[in-house]
Structure formats: C-alpha cells, structure tokens
Amino acid sequence: MTTNLKDELATLRIDKSARGGGGRGALIVVVILLLAVVAGVIYWTRREPVLEIRTVEAAVRSGAAGAANSILSASGYITARRRATVSSKVTGKVLEIFVEEGKAVRQGQVLARLDDSQLRAMLNVDEAQLNAARRATTENEARLREAELTLGRRQQLVKDKVISRAELDSAEAEVESLKARIAMAQQQVEVAQTQVAARRTDLSDMVVRAPFDGVAISKDAQPGEMISPVSAGGGFTRTGICTIVDMSSLEIEVDVSESYINRVKAGQPVEALLDAYPDWRIPARVITTVPSADRQKATVRVRIGFDLPAGSGSARAGSKGDQFDPRILPDMGVKVSFLSETPEPVVAGEAARPRLLVPKGAVRTVDGTAIVFVVKGERAERRAVKTGANDGDLVEVVSGLTAGDRVVTEGAATLADGARVKER
C-alpha cells in the first residue's frame, strides 16, 4: 500500500524539462510578432503616397484657330445697372409683405403695407375740420345775403328820408364784415383741403411699391418688424423691404491691368465664359472703359454688354421688356477674352480642321518645354506637348495628346512622372 502511495505521488511531480520547452516556444512567438510589427511599420512608412488631383478630358472642336483671335483675357463679375433696395419713405411697422425671393415684380406692384392706423385717425380729424370750415363758409354766405337785402332796403329808406345816414353806414359795414369772414373761411377751407391731401399722401406712403420691372433677389423684412428709410434703432429697425434687380440691365464688369488697357476699345468684340457654364461661349461687346484707374491695384474697369442674338430666347443687355437668359445671374463669376477686330487669315481648308483643346492651367513649361500630365490607370504620365493658338481659357494642343486623354488640371505642380494619383 505504501508503494502504491509513492507511485501516485510520483505522478503528481512537474516535469521541469517539459516546462523549459514551453518557455522557448512562447519566446519564439513573441519574436515573430515583433518582426511582423516592424515589417508593417516599414511598409506603411515606405508606402508610396497617393496624390489628389483633378482632371479634364481633352476635347476636340472644329473650326479655325485664327477665326477668333484672343488678344487679352480678364476675369470679373456679372453686375446689374438697375438694382435697388426698396424701402418706405417713412418709419413704420410692417403689416404685410407680398414679395418672395426669385419672384418677378412689375413697376408699381404693391410689395408691402405698413401700419397706417394712426394716420387714418389723423385723416379723419382733418376731414372733420374741412367739413366744419365749409359749413362756416356756408353760414356766412347766408348771413351775407341777408345783410345785402337789409342794405338795399336802408338805401331806399335813406332816399325817402325815413332813416338816418348812420343806419345805412351800419348796414354797409355789416356787409363788408361778412365778406371778410367768408374770405377767411374760404382760406380755412383751402388749408384744411391741403392738410387732407397731405395726410392722404402720407397714407399712400405706407404702401411700398416696386420702382421698376425686375426680380426680387432678397427679402429683408418680415411682418411685425419696424422699417425706416434711414438706419435707426440699432439692429432692430430694417432699412429695406427687398432688393430688386432689373435682369435686362445685366452686364459684365472686369478689371484690366493698366499696362494692357490700350488693347481695349469701345465696341470691341468679346467672348465671355461663365464659371458656372464653362462650355457656353457668350458673345459680348465692350460698352466703355471707365475713365479712372485704381491706384492700389493698377487696374482700369471695363464695362461689357451681352450681344446675344434676337430670337434665341435671350435678350441684349439693356433691351427693355425682353426676357433675359435665366442662366445669367447677378454676381456670377465670368472670364472674358477680348478678341481682335481683324482676325488672322485662315489657310484654305483649315476651317474644317478639328482642334484638340485643353485648359491653359493644364499646360506647364519646364526647361522651355511645354508639358502636361495624363492619368493612366492610377499613375500620372508626363508628356511633352506642342501648343498652338489660344481660344479663351483654352489652348490648342498640336501634338502630344489624343482626344479622350484625362489631363491633370489641379495638383500638377507636385506631380512627378509615374506618381500614384487619385481624383478628388
């Protein structure tokens, strides 16, 4: 029995050799994990970065390069020659507003009504005073007729020597007094009429009307707010009901460097490109050059009018009563190209030659060579190109590209040949 107990105790002993082998295995696992972490860190730190870019597809356009030669480019904004913030002539509380943003309004249309209860009460008082003055005049006229009859009778009695001359003089004085009273009463009637007319004018001023045909581009007040033609009361008083723009008066204003203003002349043809519609080429003409320079920016302002053909759904700038193209909005950004009035001669057959055009910003010059970056898969490929004539914000690529190539327009400054790229 003692022997069996010793055998059982022997089986409970820990095998130290086995424990030692397990420690070496755990050490190996830890070493492997550390190597994996180091390898991952090295991979992530040495991984090639991906650059964000923007591209555009090289487009083919038919036409001759010299047909519309651009001699100067500039940028500016769409402006309205007729633009007004409509307000009231007096200070008052807004009761109703009948205009919303984007809605067309006609000249004389009611835009808002102000609280006129106090003015109406004052008008009632003035009208009552007018009626009283008229009744006083009527009464004096009746008394005058009676006094004139009395005077006539006394004149006859004096002739008949029935009454004295003193009684006749008294009758004559009464007639003259009544005539003076009637004249004064008539003046009081005229004053009361003037007061009533002025009060009615004040009442009409409580109705705000549109000064001209246009479109409301902002609504600046709400019912219950105070409005005033001048700023008063801090931020609690509005100075306008809404802002109206005459869309038929839209034109372009650009700032041209004074070094190149000699290239701009009144009536010169211009081609405009809206930032919102870069594929829409809008014909225009120079209206005038503002005869003043900005000494800080060294620029001169140039006014340009749209020259859209009749019957195209658009109106010429300033053509009263016509519908202007709804795509042209005030304060839009626009780029313009001033065109030569004497286009370059076109070689026979060149008018039908297709031209490959890309934005000017996509072409860079490195060591005297024009280059562009083209996206191929996930890589940027550098290509040397040969450029031709400018066409507004575009430039013709004579060689080095094919139609459909994705040309990098933004981010090219940091690119290298073969760099990994991703479009924004």
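Two strands count as paired if DSSP finds at least two bridges between them, and the exercises below, which concern a predicted model, start from that criterion.

**Exercise 1. The strands around S20**

Determine in which sense S20 and strand S21 pair, and over how many bridges; then describe the hairpins in which S20 takes part.

*Solution.* Begin with S21, which covers residues 379-384 and pairs with S20 in the antiparallel sense over six bridges, a count that satisfies the criterion of at least two. Within this pairing, Lys-376 stands opposite Arg-379 of S21. The two strands form a hairpin with two residues between them, and there Gly-377 takes a positive phi near 70 degrees.

Turn next to strand S19 (residues 364-366), whose pairing with S20 is also antiparallel and runs over three bridges. Here Thr-365 has Ala-370 of S20 as its bridge partner. This hairpin, too, has two residues between its strands, and Asp-367 in the turn has a positive phi of about 55 degrees.

Finally, consider how S20 (residues 369-376) is covered: six of its eight residues are buried, and the strand is thus described as mostly covered.

**Exercise 2. An aromatic pair and a charge**

Find how many aromatic pairs a search of the whole structure gives, and classify the geometry of Tyr-277 and Trp-280 from the distance of their ring centres and the angle of their planes.

*Solution.* The search of the whole structure finds one aromatic pair. Its rings, those of Tyr-277 and Trp-280, have centres 6.2 Å apart and planes at 85 degrees. Since centres must lie within 6.5 Å for a pair, and planes over 60 degrees apart count as edge-to-face, the pair is edge-to-face.

The next step is accessibility, where buried means under 20% relative accessible area and exposed means over 50%. Tyr-277, with a relative accessible area of 31%, is therefore partly exposed, whereas Trp-280, at 16%, counts as buried.

The last step brings in Arg-327, which lies over the face of Tyr-277 at 5.9 Å from the ring centre. The charged end of Arg-327 also sits over the ring of Trp-280, 3.6 Å from its centre.

**Exercise 3. Helix H3 and Asp-126**

Check whether the end-to-end distance of H3 agrees or disagrees with the span expected at 1.5 Å a residue, and then establish where Asp-126 is placed and what Asp-126 touches.

*Solution.* The 43 residues of H3 should span 63 Å, because the expected span is 1.5 Å times one less than the number of residues. The end C-alpha atoms of H3 are 64 Å apart, which agrees with the expectation. Just after the helix, Lys-161 takes a positive phi of about 55 degrees.

Asp-126 has its place in H3, which comprises residues 117-159, and at 6% relative accessibility Asp-126 counts as buried. The buried residues of H3 include, besides Asp-126, Leu-123, Leu-130, Thr-137 and Asn-140. What covers the buried residues of the helix includes helix H4 (165-205). Leaving aside residues up to four places away in sequence, Asp-126 touches Gln-195, Val-196 and Arg-199.

**Exercise 4. The chain as a whole**

State how many helices and strands the chain contains, and what share of its residues is buried.

*Solution.* The chain has four helices and 25 strands, and buried residues make up 33% of its 424 residues. Among contacts between residues at least 6 apart in sequence, 74% join residues at least 24 apart. The accessible surface comes to about 25,800 Å², of which 53% belongs to carbon and sulfur atoms.

Technical notes
Residues numbered from 1 in each chain as written. Predicted model: local features only at pLDDT ≥ 70, side-chain atom pairs only at ≥ 80, totals over all residues. Heavy atoms only, no water. Phe/Tyr/Trp six-rings, centres within 6.5 Å; stacked < 30°, edge-to-face > 60°. Buried < 20%, exposed > 50% of the residue type's maximum accessible area, 1.4 Å probe, protein only. Lys NZ or Arg CZ within 6 Å of the ring centre and 35° of its normal. Contact = heavy atoms within 4.5 Å. Areas by Shrake-Rupley, 256 points an atom, 1.4 Å probe, with all protein chains shown as cover.
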